[in-house]
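Biologist: Before we go through this model together, could you explain the reasons behind the labels as we meet them?

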Amino acid sequence: MNSNPTEPFIHPSADVEDGARIGAGSKIWHIAHVRSSATVGDECVIGRNVYLDANTVVGSRVKIQNNVSVYQGVTIEDDVFVGPCAVFTNDLRPRAHNADWTITPTLVKRGASIGANATLICGITVGEGAMIAAGSVVTKDVEPYQLVRGNPARPAGWVDEKGEIVSRDPATRP
């Protein structure tokens with residue numbers, strides 16, 4: 001591994017296209033693919049087989065676990081955790097052949113956590129510090145520090161800055 005902590009580490013099997021911006025101290029692991037116009041902030045960990053599409057933005061100190069696909073139109077702010085096999089979408093009406101399709105953006109705010117195998121349907125905002133349970137299918141905005149779970153994901157309580165559940169009452173924010 002690179003001995004200079006300010007330089008990013010890129011595993012030899014990763015495909016980081018020319019023009020991609022990788023921040024200081026970030027690590028791009030085995031068979032990851034980072035497109036040419038993607039941006040990765042400082043001190044990130046981009047796991048095995050992660051795909052970062054064109055124009056995606058990943059903030060600093062973000063951890064994206066193995067087998068995650070982040071498509072164009074997705075912005076992930078600082079200090080976000082994305083669990084293994086999570087998927088982001090960017091087309092509300094996908095068809096194999098549609099010349100008119102448009103990207104529908106998704107925003108994941110600072111400090112949010114997304115569980116393993118979660119799917120985020122495009123056009124939503126995941127609030128600061130929010131927590132999405134593993135396997136959830138998120139079709140609507142998630143409030144700051146809200147816990148959601150299920151398919152479709154529904155409010156299940158509230159978490160604090162550390163991710164600890166502080167209330168199981170989805171109607172009453174502490």
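**Labels and the reasons behind them**

Modeller: Gly150 is partly exposed, with a relative accessible area of 30%, and please keep in mind that this is a predicted model.

Biologist: Why is Gly150 called partly exposed?

Modeller: The relative accessible area of Gly150 is 30%, and buried would require under 20% while exposed would require over 50%, so Gly150 falls in between and is called partly exposed.

Biologist: Where does Gly150 sit, and which residues is Gly150 in contact with once its neighbours within four places in sequence are left aside?

Modeller: Gly150 is placed in the loop between strand S21 (146–149) and strand S22 (154–159), and, leaving aside neighbours within four places in sequence, its contacts are Ser136 and Val137. In the hairpin of S21 and S22, which has 4 residues between the strands, Gly150 takes a positive phi near 105°.

Biologist: How do you know that S21 and S22 pair?

Modeller: Two strands pair if at least two bridges are found between them, and S21 and S22 have 4 bridges, in the antiparallel sense, so they count as paired. Within this pairing, Val148 stands opposite Pro155 in S22. S21 is also joined by 2 bridges to strand S19 (residues 131–132), and these two run parallel, with Ile132 opposite Val148 in S21.

Biologist: What makes strand S3 (21–22) an edge strand?

Modeller: An open sheet is formed by 6 strands in the order S3-S6-S9-S12-S15-S18, with parallel pairing. Strand S3 (21–22) and strand S18 (125–126) each have a single partner strand, so one side of each is left without a neighbour in the sheet, and they stand at the edges. S3 pairs with strand S6 (residues 39–40) in the parallel sense over 2 bridges, and Arg21 stands opposite Thr39 in S6.

Biologist: Is Ser26, in the loop between S3 and S4, buried or exposed, and how do you know?

Modeller: Ser26 has a relative accessible area of 0%, and the limit for buried is under 20%, so Ser26 is buried. Leaving aside neighbours within four places in sequence, Ser26 is in contact with several residues, including Pro8, Phe9, Val40 and Cys44.

Biologist: The structure holds 2 aromatic pairs; why is the pair of Phe9 and Trp29 called tilted?

Modeller: The ring centres of Phe9 and Trp29 are 4.9 Å apart, and rings pair if their centres lie within 6.5 Å, so these two form a pair. Their planes stand at 50°, whereas under 30 degrees would count as stacked and over 60 as edge-to-face, so the pair is tilted. This pair links distant parts of the chain, 20 residues apart, with Phe9 in strand S1 (residues 9–10) and Trp29 in the loop between strand S4 (27–28) and strand S5 (33–34).

Biologist: Why do Phe9 and Trp29 carry different accessibility labels?

Modeller: Phe9, at 13% relative accessibility, counts as buried, whereas Trp29, with a relative accessible area of 24%, is partly exposed, because the limit for buried is under 20%.

Biologist: What can you say about the other pair, Tyr51 and Tyr71?

Modeller: The ring centres of Tyr51 and Tyr71 are 5.9 Å apart and their planes are at 55°, so this pair is tilted. Tyr51, at 21% relative accessibility, counts as partly exposed, and Tyr71 is partly exposed with a relative accessible area of 28%.

Technical notes. Residues numbered from 1 in each chain as written. Predicted model: local features only at pLDDT ≥ 70, side-chain atom pairs only at ≥ 80, totals over all residues. Heavy atoms only, no water. Phe/Tyr/Trp six-rings, centres within 6.5 Å; stacked < 30°, edge-to-face > 60°. Buried < 20%, exposed > 50% of the residue type's maximum accessible area, 1.4 Å probe, protein only. Contact = heavy atoms within 4.5 Å.
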